[in-house]
Amino acid sequence: NDTLQAVLDAPDRDELMQWLRGSSLLHVENEFVMVHAGLLPQWSLPLAQELAWEVSQALQGPAYRDLLKDMYGNKPDAWDDDLTGIERYRVTINAMTRMRVVEPDGRMNLKFAGVLADRPEKSQPWFAQRHPSLEGKTLIAGHWSALGYYTAPGFFGLDSGCIWGNELTALRLEDRAVIQVPCTEAVIPEGWD
């Protein structure tokens, strides 16, 4: 809601929307796994790839408007192999685009957006709990600007808060070099505090 209006008002809106609808929620290449926000600890890498593909197909299909209309919401907040339809899509979309922390039982806490030290008691950053199929993989994500540029074993968090006037951070995969450039102007959408 906060930044999509500029896309909807753009003269090349149809092309931009087609590109967005065709973009994958998950990219896997060699030992790297890239996602905007996160992966649920219950998901194997093959399952995560399957779920991202399912959402991608739905967004490119004839009923994509129905998915867009119903994809927002915080429930369900946990994975269940029996999920179907919009609930399955919503859990996938929320994990891959909104999640920051998970509770001990694997549920997503979608309300938390603060710094790591202020996370709810007993919750963990999503990348601290990973499925065994991700062993040896390097996870790369953004989305959590309050976390800032952050590294942990097998993880790079690249959202360093450019929107707030901090740095824009990139990772060169070939040698894992981190490149940061200052954001000279904050790009905070109107109405944000």
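At what angle do H3 and H5 pack, and how far apart are their axes? This is a predicted model. In it, the two helices pack at an angle of about 110°, with their axes 10 Å apart. Angles of 65 to 115 degrees count as roughly perpendicular, so H3 is roughly perpendicular to H5. The crossing of H3 past H5 is left-handed.

**The helix contact**

H3 covers residues 45-60, and H5 covers 85-97. On the H3 side, the residues that meet H5 are Ala48, Glu50, Leu51, Ala52, Glu54, Val55 and Ala58. On the H5 side, their counterparts are Arg88, Tyr89, Thr92, Ile93 and Met96. Met96 also belongs to the largest nonpolar core, where it is listed with the residues that have the most contacts.

**The cores**

The largest nonpolar core has 38 residues. Leu39, Leu40, Trp43, Met96 and Trp126 have the most contacts inside it. At least two residues each come from strand S2 (32-35), H3, H5, strand S3 (101-102) and S6. H3 gives the most, with 8 residues. Another core lies apart from this one. It has 5 residues, including Phe32, Ile140, Phe156 and Leu171.

Which residues does Trp126 contact, beyond its neighbours within four places in sequence? They are Val35, Ala37, Gly38, Leu39, Met99, Arg100, Val101, Val102, Leu139, Ala141 and Phe155. Leu39 in this list is itself among the core residues with the most contacts.

**Strand pairing**

Strands of a sheet pair through backbone hydrogen bonds, either parallel or antiparallel. One open sheet here has 3 strands in the order S4-S3-S5, with antiparallel pairing. S4 and S5 stand at the edges. Each has a single partner strand, so one side of each is left without a neighbour in the sheet. S3 and S5 pair over 2 bridges. Val101 stands opposite Pro125 in S5. Val101 is also a contact of Trp126.

Strand S9 (residues 167-172) and strand S10 (residues 177-182) form an antiparallel pair over 6 bridges. Arg172 stands opposite Ala177 in S10. The hairpin of S9 and S10 has 4 residues between the strands. Within this hairpin, Arg176 takes a positive phi near 60°.

**Backbone exceptions**

Most residues other than glycine have a negative phi, and most peptide bonds are trans. Several places in this model depart from that pattern. Two loop residues with positive phi are set out below.

| Residue | Phi | Loop between | Relative accessible area |
|---|---|---|---|
| Lys122 | near 75° | S4 (108-109) and S5 (124-125) | 62% |
| His143 | near 75° | S6 (138-141) and S7 (150-152) | 17% |

Are these two residues buried or exposed? Lys122 is exposed, with a relative accessible area of 62%. His143 is buried, at 17%. The cut-offs behind these words are over 50% for exposed and under 20% for buried. The loop of Lys122 runs between two strands, S4 and S5, and these are the edge strands of the open sheet. The loop of His143 follows from S6 to S7, and S6 is one of the elements that supply the largest core.

Where is the cis peptide bond? It joins Lys75 and Pro76, with omega about -5°. Pro76 lies in the loop between helix H4 (64-70) and helix H5 (85-97). H5 is the helix that H3 crosses at about 110°.

Technical notes. Residues are numbered from 1 along each chain as its sequence is written. This is a predicted model: local features need pLDDT of at least 70, side-chain atom pairs count only at pLDDT 80 or more; totals for chains, interfaces and linings use all residues. Side-chain values use heavy atoms; hydrogens and water are left out. Two strands pair if DSSP finds at least two bridges between them. Buried means under 20% relative accessible area, exposed over 50%, partly exposed in between (1.4 Å probe, protein chains only). A nonpolar core is a set of buried Ala, Val, Leu, Ile, Met, Phe, Trp, Tyr and Cys residues joined through side-chain atoms within 4.5 Å. Contact means heavy atoms within 4.5 Å. Axes are lines fitted to C-alpha atoms, for helices over the stretch in contact, and angles run from 0 to 180 degrees between N-to-C directions. Angles under 35 degrees count as roughly parallel, over 145 as roughly antiparallel, 65 to 115 as roughly perpendicular and the rest as oblique. A crossing is left-handed if the near helix is turned anticlockwise from the far one by less than a right angle, and right-handed if clockwise.
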